[in-house]
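Here's a quick tour of a protein model, meant to be read with the structure open beside you. Take it one topic at a time and find each residue as you go.

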Amino acid sequence: MERRKVVLVLVIFVVSVLLPASTLGAEETGRNPRKESEGFGSNMMNIAHRGARSIAPENTLIAARKAYDAGADAWEFDVQLTGDDQVVVMHDDTLERTTNVQNLFPDRVSYEVREFTLKEIKRLDAGSWFVEEDPFGEIGKGNVPEAALESYRGERVPTLKEALQLTKDLEWKANIEVKSIEAPAIFVDRYMVIILSRVSELVEELEMERDVLISSFDHMAIRILEEINPELPRAILANEPLADPVGHMKKNGVRTLNLIASALETEKGVSNLESIDKAIPGYRVFVWTINELAEMQRALEVPYITGIMTDYPGRLREAIAGRG
Ligand code: G3P
Ligand code: CA
C-alpha cells in the first residue's frame with residue numbers, strides 16, 4: 001500500500017472516531033447502493049464553470065441560477081473547509097479576490113479560507129467585486145441588466161449545503177470540485193478526509209447521489225472518497241495532458257475524466273481516449289474550460305467528449321442546439 005494511503009486510512013480511522021457516526025460509511029445508513037456510472041448524465045453535458053461566471057459572481061447561488069436560466073445541465077463549483085470545518089463554496093484558497101474581506105477584517109495577517117469561521121465568512125460580500133471589476137467585460141458590453149447588477153451586491157458565499165439544496169430545488173446537477181491545500185502532508189491528509197467526509201455526508205443527507213459528480217486534482221483523495229462512500233460518482237481532474245488517460249481513470253477507480261481543454265491539442269493528452277468506449281463502459285470525458293464558440297463547435301465533434309465546462313453556458317447551449 002502506498003505510504004500516503006496508509007496515512008490516510010489511519011486518518012480516516014481517527015476522524016471516524018471524532019466525527020458523528022453518520023459522517024462515515026454507507027452501510028449503517030441503509031443507503032441503496034448505486035453504480036458510479038449512474039451518477040451524472042451520459043449525454044453531452046453543458047456544465048457552467050463556477051456557475052455562469054461570465055455574467056455573475058463565480059461560485060455563488062446567483063451564478064448558479066443564471067447558469068440554470070441559460071440552459072446549463074449542471075454547474076461546477078469548488079469547495080473548501082473553513083477554520084471550523086464547515087464546507088463553503090470558494091475557488092481561491094484566500095478570500096481577497098472574490099470578497100470584501102480586507103475591508104471587513106483589515107487587521108488579519110492571513111486571508112486564507114481556513115483562517116476564518118463560517119460565521120465570519122457569512123458576513124462577506126461575494127458579489128460587489130464582480131460589479132466593480134467586470135472580469136469578463138460582459139457588463140461593459142451591456143450583457144448584464146442593471147437590475148441584476150444591483151442584486152449581485154451583498155451576495156453571500158454559499159455553504160455546500162446551500163449550493164446542493166439549490167441544485168436539488170432546481171432538479172439540477174452539480175460537479176463538486178474538492179480543492180486541496182498547501183500544507184505539510186499530515187495536515188493535508190486530515191483536511192482531505194474531513195472535507196471528503198462532509199461532502200459525502202451532505203450528498204447523502206440530501207439524497208443527491210445521482211445528481212453530483214465529485215472531482216479533484218488530488219487523485220489519492222478520489223481513491224479515499226471511494227473508501228468513504230463508494231456510491232458517489234467521482235472524477236479525476238487533469239490540468240495537463242496525461243500519457244495514458246484511460247489508465248489513469250482505471251487506476252483511480254473512476255469512469256470520468258475532467259480534462260483541461262488544451263490537452264485536446266496534443267496527441268499525448270488524448271492518446272488512448274478514442275478506444276475508451278471499450279476500455280471503460282459508461283465513461284465520461286468532460287473538458288474545461290471552453291468559452292469561444294468555434295472551440296465549442298470543434299469539441300462537440302470529438303466523439304469521446306461527453307461534456308464541456310464553460311463560463312458561457314448560454315453560448316454553449318446554442319452551439320449544442322446548432323449541431324447537425
Ligand atoms: O473542474 C474543472 C476546473 O474548474 C478546474 O480548474 O481552477 O477552474 O477550479 P479551476
Ligand atoms: Ca473548479
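What follows starts with the whole protein and then moves to its ligands and a few chosen spots. Keep in mind that this is a predicted model. The protein has 324 residues, and 55% of them count as buried.

**The big picture**

- If you count up the pieces, you'll get 13 helices and nine strands in the protein.
- Now look at contacts between residues at least 6 apart in sequence: 66% of these join residues at least 24 apart.
- On the outside, the protein exposes about 14,200 Å², and carbon and sulfur atoms supply 50% of that area.

**The calcium ion**

- Which residues coordinate the calcium ion (ligand 2)? They are Glu76 (OE), Asp78 (OD) and Glu177 (OE), at 2.1 to 2.2 Å.
- Along the chain, the donors of this ion follow the spacing E-x1-D-x98-E.
- Both Glu76 and Asp78 are buried.

**Around ligand 1**

- The residues surrounding ligand 1 are His49, Arg50, Glu76, Asp78, His91, Glu177, Lys179, Phe217, Leu237, Trp288 and Met309.
- Sorted by class, that shell has five charged, four nonpolar and two polar residues.
- Glu76, Asp78 and Glu177 may ring a bell: they surround ligand 1, and they also coordinate the calcium ion (ligand 2).
- For polar contacts, start with His49, where an N or O atom in the side chain is 2.7 Å from an oxygen atom of ligand 1.
- Arg50 has a polar side-chain atom 2.8 Å from an oxygen atom of ligand 1.
- Asp78 joins in too, with an N or O atom of its side chain 3.2 Å from an oxygen atom of ligand 1.
- Taken alone, ligand 1 exposes 290 Å², and the protein buries 90% of that.

**Helix H2**

- Helix H2 covers residues 61-69, and its buried residues include Ile62, Ala63, Ala64 and Ala67.
- What covers the buried residues of H2? The cover includes two strands, E1 (45-49) and E2 (74-81), along with helices H6 (146-152), H7 (160-169) and H13 (313-321).
- After H2 comes Gly71, with a positive phi near 100°.

**Thr310, a residue on the inside**

- You'll find Thr310 in strand E9, which runs over residues 307-310.
- Is Thr310 buried or exposed? Its relative accessible area is 0%, so Thr310 counts as buried.
- The side chain of Thr310 reaches the backbone oxygen of Ile290 at 2.7 Å, and it also reaches the backbone nitrogen of Tyr312 at 2.9 Å.
- Leaving out residues up to four places away in sequence, Thr310 touches a list of residues that includes Asn46, Ile47, Ala48, His49 and Gly51.
- Also among the residues that Thr310 touches are Thr289, Ile290, Asn291, Met296 and Leu316.

**Pro233, in a loop**

- Pro233 sits in the loop between helix H9 (219-228) and strand E6 (234-238).
- Why does Pro233 count as buried? Pro233 counts as buried because its relative accessibility is 0%.
- Between Pro233 and Val254 there are 7.8 Å in space, C-alpha to C-alpha, while the two are 21 residues apart in sequence.

Definitions and conventions
Residues numbered from 1 in each chain as written. Chains lettered and ligands numbered in written order. Predicted model: local features only at pLDDT ≥ 70, side-chain atom pairs only at ≥ 80, totals over all residues. Heavy atoms only, no water. Donors = N, O, S within 2.8 Å, 3.2 Å for Na, K, Ca; no water. Buried < 20%, exposed > 50% of the residue type's maximum accessible area, 1.4 Å probe, protein only. Helix = DSSP H or I, 4+ residues; strand = E, 2+ residues; numbered from the N terminus. Contact = heavy atoms within 4.5 Å. Areas by Shrake-Rupley, 256 points an atom, 1.4 Å probe, with all protein chains shown as cover. Near = heavy atom within 4 Å. Polar contact = N/O pair within 3.5 Å; in protein donor to acceptor, adjacent residues only side chain to side chain. Nonpolar A, V, L, I, M, F, W, Y, C, P; charged D, E, K, R; others polar.
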